[in-house]
Amino acid sequence: MSNRMGLELDPPRSVGGISIGMPIEAAERVLEQLPGFVPPAPGERRNRGFAHYESGLSISLDFDHRGVVRAVELFRPERDVQVLFQGISVFEQSADDVVAGLADRHRTTVEDDGLNITAPDVFIGFWRSVRPVGLDDENGRFFDSVLVAAPGYGD
């Protein structure tokens with residue numbers, strides 16, 4: 001698939017071409033250059049640092065009062081995007097597999113009965129809105145978002 005986009009998570013340094021610590025204006029330019037960027041419709045207001053893509057992927061930047069990027073959150077795409085963290089495809093592999101792969105490499109913290117999983121030593125966190133109820137339940141089987149942050153974020 002030549003249209004498939006790949007993004008590498010490198011916490012706490014970067015997501016794709018967006019570096020933690022870069023000015024928000026530069027980060028927004030990177031967001032607009034990613035394949036499948038959907039510009040706001042005429043009259044549509046979007047929060048600063050937010051971008052949406054044809055694949056269903058959304059990216060939201062959090063920045064401080066100086067306009068410096070402190071965190072990057074990616075929301076699960078519907079298709080054509082692979083988001084990797086140390087070889088783990090965070091949206092294509094089940095949440096259970098992501099957690100197992102993460103726990104093999106890093107100390108993890110599980111909160112809210114498995115809805116929030118963090119690896120605090122590497123500044124990455126995963127979130128899903130629900131957990132699957134049974135083996136056939138697809139709802140909650142995959143993470144909804146991943147966050148890469150600067151050290152001290154959320155303290």
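In which order do the 5 strands of the open sheet stand? In this predicted model, the order is S3-S2-S1-S8-S9, and the pairing is mixed.

**Stop 1: the open sheet**

Select strands S3 and S9 (88–89), which stand at the edges of the sheet. Each has a single partner strand, so one side of each is left without a neighbour in the sheet.

Proceed to strand S1 (residues 5–10) and strand S2 (residues 14–15), which run antiparallel and are joined by 2 bridges. Display Leu9 here; Val15 in S2 stands opposite Leu9. Then add S8, which runs parallel to S1 and is joined to S1 by 4 bridges. Gly6 has Gln82 in S8 as its bridge partner.

Remain with strand S8 (residues 81–85) and show its side chains. Val81, Val83 and Phe85 make up the covered face, whereas Gln82 and Leu84 make up the uncovered one. S8 also pairs with S9, in the antiparallel sense and over 2 bridges, with Phe85 opposite Ile88 in S9. The two strands S8 and S9 form a hairpin with 2 residues between them. In the turn, select Gln86, whose phi is positive at about 50 degrees.

**Stop 2: His106**

Select His106, in the loop between helix H2 (95–105) and strand S10 (109–111). Is His106 buried or exposed? His106 counts as buried because its relative accessibility is 17%, below the 20% cut-off. Leaving aside residues up to four places away in sequence, His106 touches Phe85, Gln86, Ala119 and Val122. Two of these have already appeared on the tour: Phe85 belongs to the covered face of S8, and Gln86 lies in the turn of the S8 and S9 hairpin.

**Stop 3: helix H1**

Select helix H1 (residues 24–33), in which Ile24, Ala26, Ala27 and Leu31 are buried. These residues lie on the same side of H1, because they cover an arc of only 160 degrees around the axis. Arg29 and Gln33, on the other side of H1, are exposed. To see what covers the buried residues of H1, display strands including S3 (18–19), S4 (37–38), S5 (50–53), S6 (58–63) and S7 (69–75).

**Stop 4: two hairpins**

Keep S5 and S6 in view; they run antiparallel and are joined by 3 bridges. His52 has Ser58 in S6 as its bridge partner. Their hairpin has 4 residues between the strands, and Gly56 takes a positive phi near 95 degrees.

Next, follow S6 to S7, with which it pairs in the antiparallel sense over 6 bridges. Phe63 stands opposite Val69 in S7. This hairpin has 5 residues between the strands, and here Gly67 takes a positive phi near 85 degrees.

**Stop 5: salt bridges**

How many salt bridges does the structure hold? There are 11 salt bridges in the structure. Select Arg4 and Glu92, whose side chains meet in one of them (2.5 Å, N to O). Arg4 lies in the segment before S1 and Glu92 in the loop between S9 and H2, so the pair ties together parts that are 88 residues apart in sequence. Arg4 is partly exposed at 31% relative accessibility, as is Glu92 at 40%.

Finally, select Glu28 and Arg48, whose side chains meet in a salt bridge (3.4 Å, N to O). Glu28 is in helix H1 and Arg48 in the loop between S4 and S5, so this pair ties together parts that are 20 residues apart in sequence. Arg48 is partly exposed, with a relative accessible area of 42%. Add Glu25 to the selection: Glu25, Glu28 and Arg48 are linked in a network of salt bridges.

Conventions
Residues are numbered from 1 along each chain as its sequence is written. This is a predicted model: local features need pLDDT of at least 70, side-chain atom pairs count only at pLDDT 80 or more; totals for chains, interfaces and linings use all residues. Side-chain values use heavy atoms; hydrogens and water are left out. Buried means under 20% relative accessible area, exposed over 50%, partly exposed in between (1.4 Å probe, protein chains only). The arc is that of the directions from the helix axis to the C-beta atoms. Contact means heavy atoms within 4.5 Å. Two strands pair if DSSP finds at least two bridges between them. A salt bridge is a side-chain nitrogen of Lys or Arg within 4 Å of a carboxyl oxygen of Asp or Glu.
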